[in-house]
Each structure stands twice: as C-alpha cells, then as structure tokens.
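Colleague: Could you walk me through this model, one step at a time? I am new to it and would like to see how each answer is reached.

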Amino acid sequence: MTKTRHAYLVVLSAIGAFGVIAWLGTAWAVKEGNRWARPAATLMFVLGTSVGQTGLLTKDTSGETGLPPALGWAAIAPCLAGLLAVASLWRRPRPA
C-alpha cells in the first residue's frame, strides 16, 4: 500500500469516527426535540457527502484517483442512508 493510500485511510477513518459520534449526537437531539437537530443533520449530510465525493474524485500525483474506485464508492454508500434519514426528518412534523 502506498503512503498516500495509507494516509487516505487514516484520515477517512478519523472522519468516519467523528461522523458516527456526530450522527449519534444528532439522533439524541432529535429524540429530545431540540430545534437545531434538523439543520444539524442536514449540515452533516452535506459534509459527509462532500467527504465521500472528495475521496471518490481526488486525483493522486500519478493522475489516477487516490483511492481504488471500489473504496471510493464505498465512501458514498452511507450518504444514501443519510439522505433517507434527513428526508424523513424533514417530513416529520416538528415537535412542539
């Protein structure tokens, strides 16, 4: 494994761990009925999708993508779950 790919994996693992913590915090906020939960979930979805697309599309110094295509697409897959979660969150009536 090249140093660049190893660096990608370390950075993306750290971002993934922070993402899990952030989504759990948002799930707690939604359960508690906090007003900022919907915008926070939407922002995290946009940030997560941006990170996934960056991993998928970033070119290495060789001109090829830095990550293997299968790994890049694997980074996009959780975005579909995030899209469903955010969409259902906005369709739900706001708690009083």
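Modeller: Gladly. One definition comes first: helices are DSSP runs of at least four residues, numbered from the N terminus. Please keep in mind that this is a predicted model.

Colleague: Thanks! Where is Arg35 found, and is Arg35 buried or exposed?

Modeller: Arg35 sits in the loop between α1 and α2. Its relative accessible area is 65%, and exposed means over 50%. Therefore Arg35 counts as exposed.

Colleague: Trp36 has a place in a loop too; how is Trp36 classed at 46% relative accessibility?

Modeller: The loop that holds Trp36 is the one between α1 and α2. A residue is buried under 20%, exposed over 50%, and partly exposed in between. Because Trp36 has 46% relative accessibility, its class is partly exposed.

Colleague: What separates the C-alpha atoms of Trp36 and Thr26?

Modeller: Thr26 is one of the buried residues of α1, while Trp36 is in the loop between α1 and α2. Along the chain the two are 10 residues apart. Their C-alpha atoms are separated by 9.0 Å.

Colleague: Let's turn to the helices. How far does α1 reach from its first C-alpha to its last?

Modeller: Helix α1 covers residues 3-32, which makes 30 residues. At 1.5 Å a residue, the expected span is 44 Å. The reach in the model is close to that, at 44 Å.

Colleague: Which residue just after α1 takes a positive phi?

Modeller: Helix α1 runs over residues 3-32. Just after α1 comes a residue with a phi of about 80 degrees. That residue is Gly33.

Colleague: Which elements do the buried residues of α1 pack against?

Modeller: The buried residues of α1 are Tyr8, Thr26, Ala29 and Val30. Contact here means heavy atoms within 4.5 Å. By that cut-off, the buried residues of α1 pack against α2 and α3.

Colleague: And how is Ala17 classed, with a relative accessible area of 40%?

Modeller: Ala17 lies in helix α1, and its C-alpha is separated by 25 Å from that of Arg35. The class between buried and exposed runs from 20% to 50%. Since the relative accessible area of Ala17 is 40%, Ala17 is partly exposed.

Colleague: On to α3: how far does α3 reach from its first C-alpha to its last?

Modeller: Helix α3 has 23 residues. The expected span, at 1.5 Å a residue, is 33 Å. The model comes close to this, with a reach of 34 Å.

Colleague: Which elements give two or more residues to the largest nonpolar core?

Modeller: In soluble globular proteins, nonpolar side chains tend to be buried together. Here the largest nonpolar core has 8 residues: Ala29, Val30, Ala37, Ala41, Phe45, Cys79, Val86 and Leu89. The elements that give two or more residues to this core are α1, α2 and α3.

Colleague: Which residues is Val86 in contact with, leaving aside its neighbours within four places in sequence?

Modeller: Val86 is among the buried residues of α3, and those pack against α1 and α2. With neighbours within four places in sequence left aside, Val86 is in contact with Trp23, Ala41, Thr42 and Phe45.

Colleague: Arg38 caught my eye. Which backbone oxygen does the side chain of Arg38 reach?

Modeller: Arg38 lies in helix α2, residues 37-57. Arg38 is buried yet has no salt bridge, and Glu32, the nearest side chain of opposite charge, is 15 Å away. At 3.3 Å, the side chain of Arg38 reaches the backbone oxygen of Leu89.

Colleague: One last residue: which backbone oxygen does the side chain of Thr49 reach?

Modeller: Thr49 lies in helix α2. At 17% relative accessibility, Thr49 counts as buried. Its side chain reaches, at 2.8 Å, the backbone oxygen of Phe45.

Key: Residues numbered from 1 in each chain as written. Predicted model: local features only at pLDDT ≥ 70, side-chain atom pairs only at ≥ 80, totals over all residues. Heavy atoms only, no water. Buried < 20%, exposed > 50% of the residue type's maximum accessible area, 1.4 Å probe, protein only. Lys, Arg positive; Asp, Glu negative; His and termini not counted. Salt bridge = Lys/Arg side-chain N within 4 Å of Asp/Glu carboxyl O. Polar contact = N/O pair within 3.5 Å; in protein donor to acceptor, adjacent residues only side chain to side chain. Expected span 1.5 Å × (residues − 1). Core = buried A, V, L, I, M, F, W, Y, C linked by side-chain atoms within 4.5 Å.
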